[in-house]
Amino acid sequence: MSLGNPVLLLTLAAAAFYTLGCRRKFFILPAFLIQAGYMFYRGMLLGRMPIVGPHDTLFFLSASIALFGFPLTFKQENSRPLFYSVTALSLLFLFLSLPFKPHSSPLPPVLKTVWFEAHVALSFFSYALFGIGAVLGAVFLSAGEKRSELLQYKTIVVGYFLFSAAMVFGGIWAYLAWGTYWLWTPKELWTVILWLFYGLYLHARLTSRWTGRPAALLGIVGFIIVMFTYLGVSLLMKSSHSF
Amino acid sequence: MDLLKKALKTFLSLKTTVWLLLVLLVVLFYGSLIMPSRPEFQELYTLPLFRWLTGSPFRLTWWLWLSIAVLSLITINTLACSVDSVVKKRGARNWLLIISPQVVHVGFLFILLAHLLSSYGSYKGMAYAYEGSVLRLPGGAEAVFDRIKTTVDPTGYVTGWSADITYYRKNRVVTRDVIRPNDPSFHDGFGIYVRTVRQSPYPVALIELSREPGAPFALAGGFFFLMGMSLLLLLKARREEPAGTLRE
């Protein structure tokens, strides 16, 4: 990818503003607007939401982390560790999206439905929230601030709701497209593993044995499973969800 | 009697839920590793789960049997905890808040029921259909493919397709329908889907006949699950709930 590439230039500009945001929070606004503007431009160009293929989905994930993560930092008393971590996570996915070519060819007819767009968009919103949950868990483990653990729980609950909605919408779409709401593919199995894992987290956190550090740790492990479900299965295993 | 009390106490425990979920996760993790490496699992795309399970060697299927066993225990655990919670807290003031996790549980149980029904009674069959082809449905009706069309963009990319069909019963027209992507035709409990279409040298559609008896329950389960979670989120949004507040 050459330096004259507009995607690279936009990414570098957004990254520069995010980095400046570590000194003055105001700068995260232009950084996010650059990301949102790029996605809007691609959406207009393609006539659909740009959420197909690793480039667009990683970019979408990065923007979603910024969208949900930065407002949370305004509520924190000592917001620096969370702010730096959210910035780092968002930048990580922003730069990871760069090596992949944007998917600009027309979609197969079966993907042109609101159920598909809702399924994918909600999945990545939930992945972003699970990522922020992992960051909050790490902040809690390093600083021991009780509020971070509570915020991790709340973030994961909202993420779990969106992830469940994504699964329901995916099931409706699959039923309308292929006549079944469930396929025995590795991706589906890992999606269920992820769903059950966060179900385990939500139940375990209610018991005293799993409270505090174990719960925070579960929140971090959950995001490792998210990453494997999203990238590992898509890139390594044959599935209807492969890139 | 003591044994019964002990069993009830176990199934009323949140600790049981956590350990059962852990075991299920480990078993599914193992399954996700061996599934892509064994061609036998490909048959699961076309056969109902229980028919495939009973016809396949146990060394391949043991993890699925174990998953079903653990899910059965989780079902009992969920039912016991939900009934216990509703009974114990029925007089409470914030009843909606108490009932919302149980609505989530009802949704979960509906989803399990859906999978159970589909694992017994689902059906999938595929065939090629030409214009004029007749598809005999198990209920006695016949679907005739009148016309198969595709729409193509200027670059030659297929942007859509459709198949006009007429249903007959005893040589009389029952109804007409059009199948499009994400818009199947349903009749007598079966869905007819067009997977793909080819126009040259003559119009032909790859069609799928499908029956998924669990689908309405899965939809109801998804609805209850999301409704319960929405209620929970709305009612708890402003409450700071400390961890470890429930019984073990």
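Which helix of chain A does A:Leu162 lie in? It's helix H6 of chain A, and that makes a handy place to start our walk through this predicted model.

Let's look at A:Leu162 itself first. Is A:Leu162 buried or exposed? Within 10 Å there are 22 C-beta neighbours, and the cut-off for being buried is 20 or more, so A:Leu162 counts as buried. Set aside the neighbours within four places in sequence, and A:Leu162 is in contact with A:Leu122, A:Phe125, A:Ser126 and A:Leu129. For a sense of scale, try A:Lys25: this residue is 137 residues away from A:Leu162 in sequence, and the two C-alpha atoms are 28 Å apart in space.

Now zoom out to the whole of H6(A). This helix covers residues 146–178, and at 1.5 Å a residue its 33 residues should span 48 Å; the end C-alpha atoms turn out to be 47 Å apart, so the two figures agree. H6(A) is also mostly covered, with 28 of its 33 residues buried. Just past H6(A) sits A:Gly179, with a positive phi of about 80°.

Next, how helices pack. Two packed helices are described by the angle between their axes and the distance between the axes. Take helix H5 (residues 114–143) and helix H8 (residues 213–236), both of chain A: they pack at about 145°, with axes 8 Å apart, and their crossing is left-handed. Among the residues making this contact are A:Gly131, A:Gly133 and A:Gly137 from H5(A), and A:Gly219 and A:Gly222 from H8(A). By class, the contact has twelve nonpolar residues, five polar and one charged.

Chain A offers another pair to look at: helix H1 (residues 6–21) and helix H4 (residues 80–96), whose axes come within 11 Å and cross at roughly 170°. Angles over 145 degrees count as roughly antiparallel, so that is how H1(A) runs relative to H4(A). H1(A) brings A:Thr11, A:Ala14, A:Ala15, A:Tyr18 and A:Gly21 to the contact, while H4(A) brings A:Thr87, A:Ser90, A:Leu91, A:Leu94 and A:Phe95. Six of these residues are nonpolar, four are polar and none is charged.

Finally, let's see where the chains meet. The contact takes 44 residues from chain A and 47 from chain B. On the chain B side, the elements giving two or more residues include strand E4 (158–169) and helix H6 (215–236) of chain B. Which element gives the most to that side? That's H2(B), with twelve residues. The chain B side as a whole divides into 27 nonpolar, twelve polar and eight charged residues.

Terms used: Residues are numbered from 1 along each chain as its sequence is written. Chains are lettered from A and ligands numbered from 1 in the order in which they are written. This is a predicted model: local features need pLDDT of at least 70, side-chain atom pairs count only at pLDDT 80 or more; totals for chains, interfaces and linings use all residues. Axes are lines fitted to C-alpha atoms, for helices over the stretch in contact, and angles run from 0 to 180 degrees between N-to-C directions. Helices (H or I, at least four residues) and strands (E, at least two) are DSSP runs, numbered from the N terminus. A crossing is left-handed if the near helix is turned anticlockwise from the far one by less than a right angle, and right-handed if clockwise. Two residues are in contact if their C-beta atoms, placed from the backbone, lie within 7 Å. Ala, Val, Leu, Ile, Met, Phe, Trp, Tyr, Cys and Pro count as nonpolar, Asp, Glu, Lys and Arg as charged, and the others, Gly among them, as polar. The expected span of a helix is 1.5 Å times one less than its number of residues. A residue is buried if 20 or more other C-beta atoms lie within 10 Å of its own, exposed if 12 or fewer, and partly exposed in between; C-beta atoms are placed from the backbone. Angles under 35 degrees count as roughly parallel, over 145 as roughly antiparallel, 65 to 115 as roughly perpendicular and the rest as oblique.
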